[in-house]
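Hi everyone, thanks for making time for this. I'd like to walk you through one model and how its helices pack, so have a look at it first.

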Amino acid sequence: MLTAFVRAFRTPDLRKKILFAMGIMALFRLGSVIPTPGVSYKAVQDCISNNSDTGLYSLINLFSGGALLKLSVFALGIMPYITASIIVQLLTVVIPRFEALKKEGQSGTARLTQYTRYLTIGLAILQSTGLIALARQPGQLFTGCTNDIIYPNIGIFGIIVMVLTMTAGTSVIMWLGELITDRGVGNGMSLLIFTSIAAGFPTSLWAIKIERGWGLFLVIVAAGLVIVALVVFVEQAQRRIPVQYAKRMIGRRQYGGSSTYIPLKVNQAGVIPVIFASSLLYLPALAVNLASRTNPPGWATWIQRYLVRGDHPIYMATYFGLIVFFTYFYVAITFNPTEVSDNMKKYGGFIPGIRAGRPTAEYLDYVLSRITLPGALYLGAISLIPLIALGLFHANQNFPFGGTAILIIVGVGLETVKQIESQLQQRNYEGFLR
Amino acid sequence: MTETRGSTAATPERGRPAAKKPLPARISLFYRQVMAELRKVIWPTRKELVTYTTVVIAFVLVVIAYVTGLDFAFSKAILAIFG
């Protein structure tokens with residue numbers, strides 16, 4: 001399969017797609033280093049080099065590829081878009097109109113995507129305002145670094161320009177992601193998160209080597225490889241539900257008569273639940289930021305104590321619970337047993353021993369809800385590894401093989417490689433026919 | 001084939017039995033059903049696992065190298081402009 005990479009570049013069509021995706025990734029990284037107007041680039045650099053303890057923003061900073069702390073044009077990253085799509089997807093369960101739109105098919109989905117975009121803009125305005133307000137107080141964004149990150153005399157107009165720039169940056173990221181999905185390879189949004197995490201990877205790994213020496217460094221690399229293998233192992237595990245197609249004549253041709261299977265993955269939801277859970281846990285931290293600093297209300301200190309610091313058991317339990325919830329939730333919205341069983345019935349397929357129609361849908365639901373439990377527990381366990389390792393090694397929060405980061409990296413890598421592979425097979429197949 | 005939810009239902013897809021069992025019994029039933037399904041899962045073979053792991057690691061390393069290269073070049077450029 002390694003030769004597939006070389007072959008992928010020899011296929012003109014696929015080469016174009018890969019190069020397109022790489023170009024977009026380059027644009028994305030470029031936007032992550034360009035500072036927003038009004039930000040003192042020198043002050044930020046000083047603060048970053050002097051101080052590695054970024055406290056509560058480390059995970060968000062990881063997701064934005066270091067752009068958040070640099071206060072760059074793309075500082076907010078894809079986070080607002082992710083949060084918006086969680087909210088919209090949750091609302092499809094609550095609001096009847098959204099549910100109707102979802103059932104409407106393609107045009108309804110397009111409308112929902114449109115709502116998600118509007119909500120993203122709203123969230124981006126909120127988050128950029130919060131971020132800028134925080135950065136204007138010296139020593140808040142970087143604890144112990146009292147440089148003026150934002151020029152103090154820019155005035156209200158300057159701040160409006162900054163908010164507009166960051167919001168515009170977020171919408172550009174949204175567009176870039178959709179471009180990758182349409183014309184490149186893989187899923188744009190996850191590929192961009194992947195890029196962001198990959199950007200912080202070498203630095204934080206090297207930081208461990210410098211702080212702790214070769215021993216721990218090698219242990220961590222080895223542990224990382226084991227985790228990669230484990231993630232691949234579970235991602236590839238399938239429960240295959242046999243499907244038999246009845247033979248039938250349409251005109252003078254015979255169709256069907258074949259037997260296939262429906263692959264139900266143990267982890268049908270992929271990495272989405274982890275992304276959802278961690279971006280949802282960011283919201284309380286954001287709320288604390290908006291509360292007053294000097295005289296914080298009771299709920300703010302409570303959140304600060306239990307839900308912001310990653311090493312507290314309550315935080316871990318919440319994180320784990322959210323991941324399990326979102327795994328079931330995401331499986332429920334992406335895999336519709338009724339639809340699958342209807343499709344099977346339409347084309348004359350059936351599961352041996354189970355009647356077509358409602359019993360089939362119920363059987364699929366039965367298997368899916370049971371097979372998802374180990375999948376959900378696995379996702380939660382892998383994501384907790386960084387938090388537990390944090391306690392064991394006293395390593396910093398940016399522990400690069402941290403579950404969330406590695407799950408996203410491996411999951412997206414696997415998905416993208418598989419997509420390239422399948423497109424390659426398509427090409428070669430066509431090539432034979434011509 | 002699969003364990004049933006209640007003694008009255010012949011197959012699991014007949015729906016819930018009329019009378020609910022106590023919670024611990026239902027949890028242990030669910031657990032056994034999960035285990036039964038897990039046994040039917042096709043796990044990847046050793047060869048498959050090795051191939052996929054190698055390919056994913058190679059892919060990830062290539063992307064990390066690419067992104068690191070980009071970042072290095074861009075931060076040099078930005079430093080030259082703003083620094």
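**Two chains and their helix contacts**

Let's start with one residue: B:Thr53 sits in helix 2 (residues 46-82) of chain B. By helices and strands I mean DSSP runs, H or I of at least four residues for a helix and E of at least two for a strand, numbered from the N terminus. Before going further, please keep in mind that this is a predicted model, where local features need pLDDT of at least 70 and side-chain atom pairs count only at pLDDT 80 or more, while totals for chains, interfaces and linings use all residues. Residues are numbered from 1 along each chain as its sequence is written, chains are lettered from A and ligands numbered from 1 in the order in which they are written, and side-chain values use heavy atoms, with hydrogens and water left out.

Back to B:Thr53: is this residue buried or exposed? B:Thr53 is buried, at a relative accessible area of 10%. Buried means under 20% relative accessible area, exposed over 50%, and partly exposed in between, using a 1.4 Å probe and protein chains only. Leaving out residues up to four places away in sequence, B:Thr53 touches A:Val228, A:Ala229 and A:Val232; a contact here means heavy atoms within 4.5 Å.

In the same helix 2 of chain B you'll find B:Ile78, which is buried too, with a relative accessible area of 6%. Its C-alpha atom lies 49 Å from that of B:Trp43, and the two residues are 35 apart along the chain.

B:Ile78 also takes part in a contact between the chains. In general, two packed helices are described by the angle between their axes and the distance between the axes. Helix 2 (residues 12-33) of chain A packs against helix 2 of chain B at an angle of about 40 degrees, with the axes 9 Å apart. The axes are lines fitted to C-alpha atoms, for helices over the stretch in contact, and angles run from 0 to 180 degrees between N-to-C directions. The two helices are therefore oblique to each other; under 35 degrees counts as roughly parallel, over 145 as roughly antiparallel, 65 to 115 as roughly perpendicular, and the rest as oblique. Chain A contributes A:Met22, A:Gly23, A:Met25, A:Ala26, A:Arg29, A:Leu30 and A:Val33 to this contact, and chain B contributes B:Val63, B:Tyr66, B:Val67, B:Leu70, B:Asp71, B:Phe74 and B:Ile78. By class, that contact has eleven nonpolar, one polar and two charged residues. Here Ala, Val, Leu, Ile, Met, Phe, Trp, Tyr, Cys and Pro count as nonpolar, Asp, Glu, Lys and Arg as charged, and the others, Gly among them, as polar.

Now for a pair within chain A. Helix 6 (residues 79-94) and helix 8 (residues 106-136) of chain A pack at about 130 degrees, their axes 8 Å apart. That makes helix 6 of chain A oblique to helix 8 of chain A. Their contact includes A:Pro80 and A:Tyr81 from helix 6 and A:Leu112 and A:Thr113 from helix 8. It divides into nine nonpolar, seven polar and no charged residues.

Finally, the chains as wholes. Chain A has 17 helices and five strands, and buried residues make up 50% of its 434 residues. Chain B has two helices and one strand, running α-β-α from the N terminus, and 31% of its 83 residues count as buried.
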